[in-house]
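Colleague: Could you take a close look at one part of this model for me, the place where two helices pack in the later part of the chain, and then the spaces around it? I would love one connected description that I can follow on screen.

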Amino acid sequence: MKDLNSLNKLIEAFEELPSIGKKSATRLALSLAKDKFKALKLINALEDVVTNIKVCEICGNLSEHEICDICDNPNRDKTLAIVENSKDIMIIEESGSYNGYYFVLSHLDEENIQKIREIIQDKKIEEVIFAFPPSVESEARSLYLEDKLKDLGIEFSQIAQGVPTGVHFENVDMNSLAKAIRLRFKMKP
């Protein structure tokens, strides 16, 4: 509709976000158009994010400070999980299953490898964990990084991969099933 120009612009802006299609974008835009309080609350939250969120100078995580709370905490384990993005850090932290440091490897270049080396030396890291989603590219990246960092005398590991809980074998790809069998563990009596 031509007379709803601002609403159409809002729908288009929502559509640019990940996982939001035309129907969801329209639903969100209409909701905000009808409820001015929700719209103002969203505007304030967006302004806060744009103004306050930075990238940690050490690890690449999102933070409201130059150095994130994780990098600034000397009581974390002497492990370094290398992940693809900040969302991975949020999910791992929420799980409560890991208490080490992180590095967001958005792209593989000498500058990032040097930053990883500095973290390993500064934080006295004993183990690097490759926490990438399973793929041939991830394995190649892990092997390349291991080769570039092996002179530091640290251990290397990667997160376990295989069959997800509650999924039947018929719905699992052959590589994941093979890896689950190959990386099986002994059950304690």
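Modeller: Happy to! Two residues are in contact here when they have heavy atoms within 4.5 Å of each other. Please keep in mind that this is a predicted model.

With that cut-off, Glu110, Ile113, Ile116, Arg117 and Ile120 of helix 5 meet Tyr144, Leu145, Lys148 and Leu149 of helix 6. Sorted by class, the contact of helix 5 with helix 6 holds 6 nonpolar and 3 charged residues, and no polar ones. Now for the geometry. Two packed helices are described by the angle between their axes and the distance between the axes. Helix 5 covers residues 110-122 and helix 6 covers residues 136-149; the two pack at an angle of about 60°, and their axes are 11 Å apart. Angles of 65 to 115 degrees would count as roughly perpendicular, and helix 5 and helix 6 are therefore oblique to each other. Their crossing is right-handed.

Staying with helix 6, let us turn to the spaces it helps to line. A search of the whole structure finds 1 cavity of 30 Å³ or more, and about 40 Å³ of space lies in the largest cavity. Its lining is made by Phe130, Phe132, Pro133, Pro134, Ser138, Glu139, Ser142, Gln158 and Gln161. Helix 6 gives the largest share of that lining, 3 residues. By class, the cavity lining has 4 nonpolar, 4 polar and 1 charged residues.

Next comes the largest pocket, with about 190 Å³ of space. The residues that line this pocket include Pro134, Glu139 and Gln161, and these three also belong to the lining of the largest cavity. Others around the pocket are Ser135, Val136, Gly162, Asp173, Asn175, Ser176, Ala178, Lys179 and Arg182. Two elements give two or more residues to the pocket lining, helix 6 and helix 7 (174-182). Helix 7 supplies the largest share, 5 residues. The lining of the largest pocket divides into 3 nonpolar, 5 polar and 4 charged residues.

So, if you start on screen at helix 6, you can go from Tyr144, Leu145, Lys148 and Leu149, which meet helix 5, to Ser138, Glu139 and Ser142, which are among the residues lining the largest cavity, and then to Val136 and Glu139, which are among those lining the largest pocket.

Notes:
Residues are numbered from 1 along each chain as its sequence is written. This is a predicted model: local features need pLDDT of at least 70, side-chain atom pairs count only at pLDDT 80 or more; totals for chains, interfaces and linings use all residues. Side-chain values use heavy atoms; hydrogens and water are left out. Axes are lines fitted to C-alpha atoms, for helices over the stretch in contact, and angles run from 0 to 180 degrees between N-to-C directions. Helices (H or I, at least four residues) and strands (E, at least two) are DSSP runs, numbered from the N terminus. Angles under 35 degrees count as roughly parallel, over 145 as roughly antiparallel, 65 to 115 as roughly perpendicular and the rest as oblique. A crossing is left-handed if the near helix is turned anticlockwise from the far one by less than a right angle, and right-handed if clockwise. Ala, Val, Leu, Ile, Met, Phe, Trp, Tyr, Cys and Pro count as nonpolar, Asp, Glu, Lys and Arg as charged, and the others, Gly among them, as polar. On a 1 Å grid over the protein atoms alone, a cavity is a set of points where a 1.4 Å probe fits but cannot get out, and a pocket is an open set with protein on both sides within 12 Å along at least five of seven lines; lining residues have an atom within 4 Å of a point. Grid points are joined across faces, edges and corners, and a volume is the space filled by probe spheres set on the points.
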